[in-house]
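Here is a short set of questions about how certain labels are assigned in a structure. Each reply sets a value against its definition.

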Amino acid sequence: MAGTSPIYEEDLLCPQCSGIYCVPVLLKCGHNICRVCLQKFWEWKGCRECPVCRTMAVPGRPPINLALKIAADQYQMLRTGRNEEVCHLHNEKLKIFCQNDEEPICLVCQTSKQHKVHECCPVEEAAQQKKTEISAMLESLRKKLRTLTKTKEHWEETKTYIQTQAYQSEKAIKEEFEKLRLFLQEEENTRLKVLKQEEEIKNQVMCEKLENIKVQIKTLSSTISDIEMTLRAKDLTFLKDYKQTKKRVRCNIKEPELIRDILINSAKHLGSLKFGIWKKMANIVTCAPITLDPNTAQTNLKFSEELTCVQYSSKQLLPDNPERCTSRVCVLGATGFTSGKHSWTVEVGQGKDWYIGVAQESIKRKSAVFLNPSEGFWVIGLCNGDSFWAQTSPRTKLMLKQKPEKITVKLDYDKGKVIFINAADLTTIHTFSDRFTEKLFPYFSPGLFEEGKNSSPLTICPLTITVNAE
């Protein structure tokens, strides 16, 4: 195996694994075996004999046949540079494709022990089949890529909208607190003004009283001085003026009056100050039993401050988040119920089309559905401004004596009832009886856009606020 001698593959095949030598070792008998193959054979055999001639090897580790290793490595390098269309083992063209091993083989390989029982077909046929298979798989990847790209765009829009939402919420919070600060400032100014007025009035009274008493003091001091001078006069002179002096001594000097309620009425100004302001604040504060959830609203709906009023308006650019209802022009309440009794009153006004009631959490929000209990809705509504319907299956026409402007929705979750009551005369409009198994949310759907103006809003009526001390 000189460096100039041609390299034949037969000379480089391990007699044990039939593959190109990998770290060949030389035995005493002269045979070369892959080191790993030899080690495995010895472990299996239980003795140190040559796998080829069964001659017992000498103790110790067999040396590596360096020249053979270099030749095998060079051959491997040359083989990788050969025509890829030729079998590396048999130097035959790769015309067959093994379906079991999923690799191209030559005709000699097909008849070998390794591939003899395998399912094989021509390369051209296999290539067409596998290309179709990979193309289908590639299309699946392309579809996933489109989905991921679309989701990325959607998430980027959502991220931008979150910032917009945060800004709008921050602005609304500041506006509400500014109103409260303005109220407190006006209340402070009013109370300070009343205090100042009381101070000025009582100061004026005290000034007048002080002026009067100063005059009295001056007059009395002058009288005392005159009488003291008379006492120092000669006896005859004193006696001549005695009657007049006696009259002056007996002058009627009134005792200083006791001025009542002249101090600042601190009890009136400071007593229960916080409670008084809190009670007065009840006149400017509203509290609705239901808050609307704009994250569930169809994109044409807009809301008033504090999310208690909704109406149809121009379309807004909003993210299509999972909670949002896109199949119907509606919005859900922010709080759901899984037990107990709950009620709220809705001002429907003069709207021509609306629906109110409750809907379960699992309603289909992206696809068209019927408004009936089987789809998770327990609602009533007005159509075309003249006919009222309970959305049963089939729907039920409601015969009402008068068109209600305010309707109270009463939910008794545990008894499975949704009752609609005319708030004006407390007459029952309709009652749904069912069995609820999941969370229910208040449901609101205002009328569609009317030409040239917004639709009539649906407004949740506020609760009556009372501030009492017990």
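**Cores and a helix pair**

In this predicted model, the largest nonpolar core has 34 residues. Those with the most contacts inside this core are Trp-354, Ile-356, Ile-380, Val-418, Phe-420 and Phe-444. Apart from it lies another core, of 18 residues, including Cys-14, Cys-34, Phe-41 and Ala-57.

Q: Which residues does Ile-356 touch, not counting residues up to four places away in sequence?
A: Ile-356 touches Val-346, Trp-378, Val-379, Ile-380, Ile-407, Val-409, Phe-420, Tyr-443, Phe-444 and Leu-458.

Q: Why is H4 called oblique to H8?
A: Helix H4 (residues 123-231) and helix H8 (residues 273-281) pack at about 125 degrees, their axes 12 Å apart. Roughly perpendicular covers 65 to 115 degrees and roughly antiparallel begins over 145, so an angle of about 125 degrees counts as oblique. The crossing of H4 and H8 is right-handed.

Q: What makes the contact of H4 with H8, by class?
A: On H4 the contact is made by Leu-180, Phe-183, Leu-184, Glu-187 and Arg-191, and on H8 by Leu-273, Gly-276, Ile-277, Lys-280 and Met-281. By class, this contact has six nonpolar, one polar and three charged residues. The polar class includes Gly, so Gly-276 belongs there.

Q: Why does Glu-188 count as partly exposed?
A: Glu-188, found in helix H4, has 42% relative accessibility. Buried means under 20% and exposed over 50%, so Glu-188 at 42% counts as partly exposed.

Q: How many residues apart in sequence are Glu-188 and Ile-277, and what is their C-alpha to C-alpha distance in space?
A: Glu-188 and Ile-277 are 89 residues apart in sequence and 9.4 Å apart in space, C-alpha to C-alpha.

How values were computed. Residues are numbered from 1 along each chain as its sequence is written. This is a predicted model: local features need pLDDT of at least 70, side-chain atom pairs count only at pLDDT 80 or more; totals for chains, interfaces and linings use all residues. Side-chain values use heavy atoms; hydrogens and water are left out. A nonpolar core is a set of buried Ala, Val, Leu, Ile, Met, Phe, Trp, Tyr and Cys residues joined through side-chain atoms within 4.5 Å. Buried means under 20% relative accessible area, exposed over 50%, partly exposed in between (1.4 Å probe, protein chains only). Contact means heavy atoms within 4.5 Å. Axes are lines fitted to C-alpha atoms, for helices over the stretch in contact, and angles run from 0 to 180 degrees between N-to-C directions. Helices (H or I, at least four residues) and strands (E, at least two) are DSSP runs, numbered from the N terminus. A crossing is left-handed if the near helix is turned anticlockwise from the far one by less than a right angle, and right-handed if clockwise.
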